[in-house]
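Hi,

Here is the structure I said I would pass on. Have a look at it first, and then read my notes below.

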Amino acid sequence: MAEGVTGRMTTRAGGTHEIHFEAVEDGRAFTLVTRPVPLATFYFRCEISPREDGARLTQSIAMKGPSAFFFRAVATKQIVESFTPILEGLKAKVEAD
């Protein structure tokens, strides 16, 4: 993956969104940027840190734009809860390679 790469992502809920990648650190971190709702941009930061017992994966989200305050209030908990299965899957993949 490289900075500026674009694509489409389909969520479990069935929505499809344009995405692009920023702040790519090869093999270490990236930020996935998308606009899934009107007047708000979501920034998902993902980082991989090697550890003696495997890898540590972290993910965070930031929202910016005129309607971001609303979506932070109503959607953050649901989005954060979705991180656990995603990160567990990524961790298993990284550790298997």
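**What I found**

Let me start with a single pair: Thr6 has His20, in strand E2, as its bridge partner. Keep in mind as you read that this is a predicted model.

That pair belongs to a longer contact. Strands E1 and E2 (residues 16-25) run antiparallel and are joined by five bridges.

Now zoom out to the whole chain. You should find one helix and five strands in the protein chain, and going along the sequence they come in the pattern β-β-β-β-β-α. As for overall dimensions, the C-alpha atoms fill a box of roughly 45 × 30 × 20 Å along the principal axes.

**The sheet**

The five strands make an open sheet in the order E1-E2-E3-E4-E5, and the pairing is antiparallel. At the edges sit E1 (6-10) and E5 (54-64), each of which pairs on one side only. If you look at neighbouring strands, they are turned against each other by 30° on average, ignoring direction.

Next, try following E3 into E4. These two strands run antiparallel with seven bridges between them, and one of the pairs to look for is Val33 with its partner Tyr43 in E4. Together E3 and E4 form a hairpin with two residues in between, and in that turn Leu39 has a positive phi of about 60°.

How many bridges join E4 to E5? There are eleven, and again the strands run antiparallel. Two residues link E4 to E5 in a hairpin. Among the pairs here, Thr41 is matched with Lys64 in E5, while Phe44 has Ile61 in E5 as its bridge partner.

**The inside**

Phe44 turns up again when you look at the nonpolar cores. The largest of them has 15 residues, and Phe44 is listed with Ala40, Phe42, Met63, Phe71 and Ile79 as those with the most contacts inside it. Which elements supply at least two residues each to this core? They are E2, E3 (29-37), E4 (40-51), E5 and H1. H1 gives the largest share, with six residues.

Phe71 is a good residue to click on, and you will find it in helix H1. Is Phe71 buried or exposed? Its relative accessible area is 17%, and the cut-off for buried is under 20%, so Phe71 counts as buried. Across the protein chain, buried residues make up 27% of the 97 residues.

While you have Phe71 selected, jump along to Glu95, which is 24 residues away in the chain: the C-alpha atoms of the two are 34 Å apart.

**The outside**

Last stop is the surface. Phe69, Phe70 and Val74 make a nonpolar patch there of about 330 Å². Val74 is part of helix H1, which covers residues 68-96. That helix is also where Phe71 is found, so try colouring Val74 and Phe71 to see a patch residue and a buried one in the same view.

If you want an order for your own tour, I'd go from the Thr6 and His20 pair to the E3 and E4 hairpin, then to the 15-residue core, and finish on the patch with Phe69, Phe70 and Val74.

Have fun with it!

Key: Residues are numbered from 1 along each chain as its sequence is written. This is a predicted model: local features need pLDDT of at least 70, side-chain atom pairs count only at pLDDT 80 or more; totals for chains, interfaces and linings use all residues. Side-chain values use heavy atoms; hydrogens and water are left out. Two strands pair if DSSP finds at least two bridges between them. Helices (H or I, at least four residues) and strands (E, at least two) are DSSP runs, numbered from the N terminus. Axes are lines fitted to C-alpha atoms, for helices over the stretch in contact, and angles run from 0 to 180 degrees between N-to-C directions. Patches are made of residues with over 30% relative accessible area and no salt bridge: like charges are joined within 9 Å, nonpolar side chains (Val, Leu, Ile, Met, Phe, Trp, Tyr) within 5 Å. Accessible areas come from the Shrake-Rupley method with a 1.4 Å probe; for residues, only the protein chains shown count as cover. A salt bridge is a side-chain nitrogen of Lys or Arg within 4 Å of a carboxyl oxygen of Asp or Glu. A nonpolar core is a set of buried Ala, Val, Leu, Ile, Met, Phe, Trp, Tyr and Cys residues joined through side-chain atoms within 4.5 Å. Buried means under 20% relative accessible area, exposed over 50%, partly exposed in between (1.4 Å probe, protein chains only).
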